[in-house]
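I opened my notebook for a quick look at this one. Here is what I looked up, in the order I went.

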Amino acid sequence: MSKIDEYIAKRSKKSQDFKKMVEQEKLATQAAYEVHKLRTKLGLSQRDFATLVGKPQSTISRIETGEMNPSFQLLNEIGEKTNSTLEFKYVSSK
């Protein structure tokens, strides 16, 4: 375990708010990866992908850069519009 992992684990035990923040960041990072992977698999630009899923290009950009923590509803809509499944592993901080 790295020093940062040790720090996160220790601080997460002390603060539920910190633990929740870490988990939200993990989900945002995973969403960024999954949406980018799907978009590139489809061979689409962010603009074309946004048009396909009926969202602004800025929303796709914010998801892919991790600036936005998308709702599961939004991710489900993206999956439905692309006939794809976005897979997530929920890993809780210990």
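In what order do the elements of the protein run from the N terminus on? I noted α-α-α-α-α. I should say straight away that I am working from a predicted model.

**Entry: overall make-up.** I counted up the elements and got 5 helices and 0 strands. I then took the extent of the C-alpha trace, which spans about 45 × 25 × 20 Å along its principal axes.

**Entry: burial and surface.** I checked how much of the protein is buried: of its 94 residues, 32% are. For the surface, I wrote down an exposed area of about 6,600 Å², with carbon and sulfur atoms supplying 51% of that area.

**Entry: contacts along the chain.** I looked at contacts between residues at least 6 apart in sequence, and 58% of them join residues at least 24 apart.

**Entry: one helix pair.** I picked helix 2 (residues 16-42) and helix 4 (residues 57-64) for a closer look. How do they pack? I found an angle of about 125° between them, and their axes are 7 Å apart. An angle between 115 and 145 degrees falls outside the parallel, antiparallel and perpendicular ranges, so I logged helix 2 and helix 4 as oblique to each other.

Which residues make the contact? From helix 2 I listed A31, A32, V35, H36 and R39; from helix 4 I listed I60, I63 and E64. I sorted the residues of this contact by type and got 5 nonpolar, 1 polar and 2 charged.

Note on methods:
Residues are numbered from 1 along each chain as its sequence is written. This is a predicted model: local features need pLDDT of at least 70, side-chain atom pairs count only at pLDDT 80 or more; totals for chains, interfaces and linings use all residues. Side-chain values use heavy atoms; hydrogens and water are left out. Axes are lines fitted to C-alpha atoms, for helices over the stretch in contact, and angles run from 0 to 180 degrees between N-to-C directions. Helices (H or I, at least four residues) and strands (E, at least two) are DSSP runs, numbered from the N terminus. Angles under 35 degrees count as roughly parallel, over 145 as roughly antiparallel, 65 to 115 as roughly perpendicular and the rest as oblique. Contact means heavy atoms within 4.5 Å. Ala, Val, Leu, Ile, Met, Phe, Trp, Tyr, Cys and Pro count as nonpolar, Asp, Glu, Lys and Arg as charged, and the others, Gly among them, as polar. Buried means under 20% relative accessible area, exposed over 50%, partly exposed in between (1.4 Å probe, protein chains only). Accessible areas come from the Shrake-Rupley method with a 1.4 Å probe; for residues, only the protein chains shown count as cover.
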